[in-house]
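User: I am in my first year and I would like a close look at a single part of this protein model, explained step by step. Could you choose the part around one helix and then show me how it sits within the rest?

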Amino acid sequence: MSNWKLIHLNFTKNLAHFGEVGIGLEETQERVKSDTLFSALITSYARLFGKKEVEDLLNQINQNPHLFRHSSTFIYHRNQDKFTYYLPKPLLFPKNYPIKDDLAFTKTYKKLKHLPLTIWQKWYQKADFTQDDIEELTSKTQGKNNSHNYLAQQGVFDYQNNFEIKKNPKVAIDRNDSSTNFYHTGFVQYNYQDEKEYSGLYFLINFAENTKELEIKICAALHLLAEEGIGGEKSSGAGRFTPEWLELPPQWQDVINFNQGDLYSLISLFWNSSISSEIIDKSYYEIQERGGWIGSPFSGRQLRRKMVRMFTEGSVFSTIPQGELADVTPSDFKKVHKVYRSGISLSLPIQAQLTSISE
């Protein structure tokens, strides 16, 4: 059997900068996607264990993408002993959702890009989208106070309250003439009240059988990454966190082991060098272009990686998407070492109506 872990990233009051292609330095995302997380872990792995061992690991992953796979990071909130985990809303309507009879609440429903795990499970595994849900969504659309209702109590409308996007002023000094240039950089800060109430990021990771040594090494790489920071602006101290490497709680086990679903919703990015048109025709998806800079610990050079288009989180497939590593090595970097972007995917089983939310 495979081995699942739940990883918490607790940033306390630390800022972080997670840039994306096309959003500019002044902007930041609130979380890290799976390909960026993979690159950060592999870079830390290389720093710890050296070039040969990381090349061996990448060769093993190329031969067996099931060796270990992980999700993107998502928001979680802790309040005392209660944890609220957010997941991307699948791009299909839940069963029992009143398609074309949702005018009273569709605006509120479509704004929900991430759902608390309890509601995600309720709507997309238990097929329990109820009249009470409709009434609460309608009430929210009408601007009524529904803080005591079930969806609100589960955190459905609180996603944006878990973090704040800030723009900090910075100054760049030209090395030649000492002229200055003022600019702003976007940072995300997660809400932190105290050690019993705070928000942060989490991700799931799944190891193949008989990979305990690999698990220990990836855990060590994560701890090094925590010290150095994840994302951009690390020279400013951004992105540092405290990791928690946890066994999978019972509710997560129920979600992962759900056996009544005939569809699979991505909780990571997904890329495959060859995917059949038959699978595409039966899928409901969005695609995002992924790029960025090489962060090699062995070269010291700064080059852009090749661009690759990937299926995004929340995309739904009729078969389990597997994925693979994409070779994004720039042509003039091939003599140094290969550079990969991870399209190895992680998905969860669901049941839903075969009607896309975007239609």
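Analyst: What follows starts with the whole chain, then turns to helix α4 and the core around it, and ends with some other parts of the chain.

The model is a predicted one, and its chain has 359 residues, of which 52% are buried. The secondary structure comes to 9 helices and 18 strands. Among contacts between residues at least 6 apart in sequence, 75% join residues that are at least 24 apart. The accessible surface of the chain is about 17,600 Å², and 46% of that surface belongs to carbon and sulfur atoms.

Helix α4 is the part to look at closely, and it spans residues 117-124. Of its 8 residues, 7 are buried, so the helix is largely enclosed by the rest of the structure. The buried residues of α4 are Leu 117, Ile 119, Trp 120, Gln 121, Lys 122, Trp 123 and Tyr 124. As background, an α-helix has 3.6 residues a turn, so residues three or four places apart point the same way.

The next step is the core to which this helix contributes. The largest nonpolar core has 41 residues, and those that touch the most other members are Leu 87, Tyr 109, Trp 123, Leu 137, Leu 204 and Trp 252. Helix α4 supplies the largest share of this core, namely 5 residues. Apart from this core lies another one, of 40 residues, which includes Val 54, Leu 67, Ala 221 and Ile 230. In soluble globular proteins, nonpolar side chains tend to be buried together.

Trp 123 deserves a longer look, since its name appears both among the buried residues of α4 and among the core residues that touch the most other members. Leaving out residues up to four places away in sequence, Trp 123 touches Pro 94, Lys 95, Tyr 109, Leu 115, Asp 128, Phe 129, Asp 133, Leu 137, Leu 151 and Gln 351. Two of these contacts, Tyr 109 and Leu 137, are also named among the core residues with the most contacts to other members.

Another contact of Trp 123, Phe 129, leads on to the aromatic rings. A search of the whole structure finds 32 aromatic pairs, and one of them joins Tyr 97 and Phe 129 in a tilted arrangement, with 5.2 Å from centre to centre and 50 degrees between the planes. Tyr 97 lies in the loop between β5 and α3, while Phe 129 lies in the loop between α4 and α5, so the pair ties together parts that are 32 residues apart in sequence. Both Tyr 97 and Phe 129 are buried. In the pair of Tyr 159 and Phe 163, the ring centres are 5.7 Å apart and the planes stand at 80 degrees, so this pair is edge-to-face. Tyr 159 counts as buried at 8% relative accessibility, and Phe 163 is buried as well, with a relative accessible area of 9%. There is also an aromatic cluster formed by Phe 74, Tyr 76, Phe 83, Tyr 85, Tyr 192, Tyr 198, Tyr 202 and Trp 252.

Tyr 159 and Phe 74 both appear again in the surroundings of Arg 31. Arg 31 lies in the loop between β2 and α1, and at a relative accessible area of 9% Arg 31 is buried, because buried means under 20%. Beyond its sequence neighbours up to four places away, Arg 31 touches Phe 18, Ser 72, Thr 73, Phe 74, His 114, Tyr 159, Tyr 190, Leu 201 and Glu 313. The side chain of Arg 31 makes a polar contact of 3.1 Å with the side chain of Glu 313, and it also reaches the backbone oxygen of Thr 73 at 3.2 Å.

For a view of strands, consider an open sheet of 3 strands in the order β15-β12-β18, with antiparallel pairing. Strands β15 and β18 stand at the edges, each with a single partner strand, so one side of each is left without a neighbour in the sheet. Strand β12 is joined to β18 by 4 bridges and pairs with β15 over 2 bridges. Tyr 264 has Pro 349 as its bridge partner in β18 and Phe 317 as its bridge partner in β15.

Methods. Residues numbered from 1 in each chain as written. Predicted model: local features only at pLDDT ≥ 70, side-chain atom pairs only at ≥ 80, totals over all residues. Heavy atoms only, no water. Core = buried A, V, L, I, M, F, W, Y, C linked by side-chain atoms within 4.5 Å. Buried < 20%, exposed > 50% of the residue type's maximum accessible area, 1.4 Å probe, protein only. Contact = heavy atoms within 4.5 Å. Polar contact = N/O pair within 3.5 Å; in protein donor to acceptor, adjacent residues only side chain to side chain. Pairing = 2+ DSSP bridges. Areas by Shrake-Rupley, 256 points an atom, 1.4 Å probe, with all protein chains shown as cover. Phe/Tyr/Trp six-rings, centres within 6.5 Å; stacked < 30°, edge-to-face > 60°.
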